Amino acid sequence: MGRGTAARWRRRWPGVRRGASALLIAGALVVPLSAAARPGTPAPAPAGLAAPTAATLERTYAAHRANAAEASRMAAGHGDRRRAAADRALAAPSRHLLAFDGRGAGLATEVLGDLARADRVAVLVPGADTGLDSYGRFHDAALALHRRLAADAPDGVRTAVVAWLGYETPGTVSAAVATTGRADEAAPALRALVGTLRGVTRPGTPIALLCHSYGSVVCGRAAPGLDVGDIVLLGSPGTGADTAAGLGGRARVWAARSSGDWTRHVPHTRAALFGATVGFGADPVSPGFGARVFDAGHGGHGDYFAPGSRSLAGLARITLGTFPEVPDA
């Protein structure tokens, strides 16, 4: 290739890259789901309860466990052994369910620790392909963080972790995963959860949102006016905002991406295609976004909560207020 041709390609490359990015994103709008939808498994309506308080928290837990037990029986009668097992696990006496809905893909909010007396609270917001059938993986992440917090917390500091599967997550291979639609629908529910936590915890208890993958889009859409101290974006494809300040909230914004995370290849662009806006804009770990970027180690996209990992240590420190070091820009 001659110098003139090479120079022309260098000038054209940004446009070529943007075009290729748009095609990649558009693919999410036309690629069919990887599997046909499973016929619906029957489940009872959620327990109708008033918003919990510290005094009523145990009754709230018991009512949702009972609902999960009934959902398990109904799923078993329908022949859905996988859902029956997932619901049965959540119905165990040791589980603390702040909310449960066994219908469809399923929703659940679970508390690990003593929420009413906690000095620090972390809320986990999951990404794509999380439902009751796969809830065990999400619970494992929350449990790993809960154990790390217990190990790292100063004497006398009590912690709680809230695993919030409070929205219908998109499938990894679906149109929804490339747009903010599900996140826009989920944002009011996440704000409501924080309000519920404020009604249970002691006044001024610090709350950190730990938002993984598509969950970071949800947190980004919910951020304006959200009463939390920290928002952490993990393996984020973007938030829909161009800068951390553009999220509109008052929380400290953190971001991390491990070196083995495939989202580093996601095109950080937005495009209007087929009547929808696809893509999520700026990369949260880029200097221009303005988040506090911390070291997440060398794991993959699903390893941010792996026991013993550098990323889990950083998440524990953010939750506890003993912040991880941020490299100089």
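1. Two strands pair if DSSP finds at least two bridges between them. With that in mind, please note that the structure above is a predicted model, and that the points below follow strand 2 and its neighbours before turning to a pair of cysteines.

2. Strand 1, which covers residues 96–101, and strand 2 run antiparallel and are joined by five bridges. If you look for His96 in the structure, you will find that its bridge partner in strand 2 is Val111.

3. Between these two strands lies the link of a hairpin, and five residues make up that stretch between strand 1 and strand 2. One residue to look at in this hairpin is Gly104, which takes a positive phi near 60 degrees.

4. Strand 2 also pairs with strand 4, which spans residues 159–165, and here six bridges join the two strands, again in an antiparallel arrangement. Across this pairing, Thr109 stands opposite Trp164, a residue of strand 4.

5. How many of the seven residues of strand 2 are buried? Five of them are, and strand 2, which runs from residue 107 to residue 113, is therefore mostly covered, where buried means under 20% relative accessible area.

6. Away from the strands, the disulfide count comes to one, and the bond is formed by Cys211 and Cys219, whose sulfur atoms are 2.1 Å apart. This distance qualifies because a disulfide is a pair of cysteine sulfur atoms within 2.5 Å. Both Cys211 and Cys219 are buried.

7. Why is this disulfide called left-handed? The torsion about the S-S bond of Cys211 and Cys219 is about -90 degrees, and the disulfide is therefore left-handed.

Notes. Residues are numbered from 1 along each chain as its sequence is written. This is a predicted model: local features need pLDDT of at least 70, side-chain atom pairs count only at pLDDT 80 or more; totals for chains, interfaces and linings use all residues. Side-chain values use heavy atoms; hydrogens and water are left out. Buried means under 20% relative accessible area, exposed over 50%, partly exposed in between (1.4 Å probe, protein chains only). Helices (H or I, at least four residues) and strands (E, at least two) are DSSP runs, numbered from the N terminus.
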